[in-house]
Amino acid sequence: MRLIRRARPAPAPPDGQAMAGDRWLIAGLGNPGPQYAGHRHNAGFMVAAELTARMGARLRRDRSRALVATGQLAGAPVTVAEPLTYMNESGRPVAAVRAFYRVPPERVVVIHDELDLPFGVIRLKLGGGDNGHNGLRSVTAALGTRDYYRVRLGIGRPPGRMDPADFVLQNFSAAERRELPLLVSRCADAAETLVQQGLQA
């Protein structure tokens, strides 16, 4: 399993320390409901749940149409969110939580599945396009900017001629499920490092 970081570097904090006084918003993308819980498209929710557990917090329903938890990660105040809308409409809840907690877009982190990365590959980047991901497209439209961080979890391409839309709405394979806990943990580690040390680290 490989962890690859390749993107534009974030500005370093002026004193070289973590930006501990600044709140971050980490939004995991997925579809709500138990029938979707194990799907590839819900990888972002899986990492959001791991981060919430690390904070010793609980996700609670918020009037922004999201499940929200607040706490500390890597010495910084963090809000974790899971939109309660479907993937294609993720943007409004993310934007609403961002506005309520007054988090600037440059401290928003979105965690999502990525078809164009092999399973087990993790990449981080700042800004860029949505690469056909409807959840990212919705978030970009709602925030009014592409300049937010992304943690991309590789889920691989569908086999044969399978429609990608069908592929992402299937559970991970048995072999993938054996590796999934480590992948989720590595993604959570990546998000924590981003908050604590910046993208370049």
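Start by selecting Arg40 and Glu176 in this predicted model: the two form a salt bridge, and their closest N and O atoms are 3.2 Å apart. Show the cartoon as well, and you will see the bridge linking distant parts of the chain. Arg40 sits in the loop between β2 and α1, while Glu176 belongs to helix α5, 136 residues apart. Are these two partners buried or exposed? Arg40 is buried, with a relative accessible area of 6%. Glu176 has 13% relative accessibility, so this residue counts as buried too, the cut-off being under 20%.

Stay in that loop and pick Asn42, which lies between β2 (24-28) and α1 (43-55). At 2% relative accessibility, Asn42 is buried. Now display its surroundings: setting aside residues up to four places away in sequence, Asn42 touches Leu29, Gly30, Asn31, Tyr36 and Ala37.

Next, go back to helix α5 and select Asp189 together with Arg54 of helix α1. Their side chains meet in a salt bridge, at 2.8 Å from N to O. Here the partners are 135 residues apart. Asp189 is partly exposed, with a relative accessible area of 35%, and Arg54 is partly exposed as well, at 28%. Add Glu50 and Glu192 to the selection, and you have one network of four residues joined by salt bridges that share partners.

For another bridge, turn to the strands. Glu114 and Arg152 form a salt bridge in which the closest N and O atoms are 3.3 Å apart. Glu114 lies in strand β6 (residues 108-114) and Arg152 in strand β8 (residues 149-154), so this pair ties together parts that are 38 residues apart in sequence. Both Glu114 and Arg152 are buried. How many salt bridges does the structure hold? There are eight.

Now for the nonpolar side chains. In soluble globular proteins, such side chains tend to be buried together. The largest nonpolar core here has 37 residues, and you can find those with the most contacts inside it by selecting Ile26, Val47, Leu51, Val78, Val109 and Ile111. Which element gives this core its largest share? Helix α5 (residues 174-197) does, with nine residues.

Zoom in on Val47 to look at its partners. Leaving out neighbours within four places in sequence, Val47 is in contact with Ile111, Leu153, Val184, Cys187 and Ala188.

Finish with the other core, which lies apart from the largest one and has 17 residues. To find this second core, select some of its members, including Val68, Val108, Leu136 and Tyr148.

Methods:
Residues are numbered from 1 along each chain as its sequence is written. This is a predicted model: local features need pLDDT of at least 70, side-chain atom pairs count only at pLDDT 80 or more; totals for chains, interfaces and linings use all residues. Side-chain values use heavy atoms; hydrogens and water are left out. A nonpolar core is a set of buried Ala, Val, Leu, Ile, Met, Phe, Trp, Tyr and Cys residues joined through side-chain atoms within 4.5 Å. Buried means under 20% relative accessible area, exposed over 50%, partly exposed in between (1.4 Å probe, protein chains only). Helices (H or I, at least four residues) and strands (E, at least two) are DSSP runs, numbered from the N terminus. Contact means heavy atoms within 4.5 Å.
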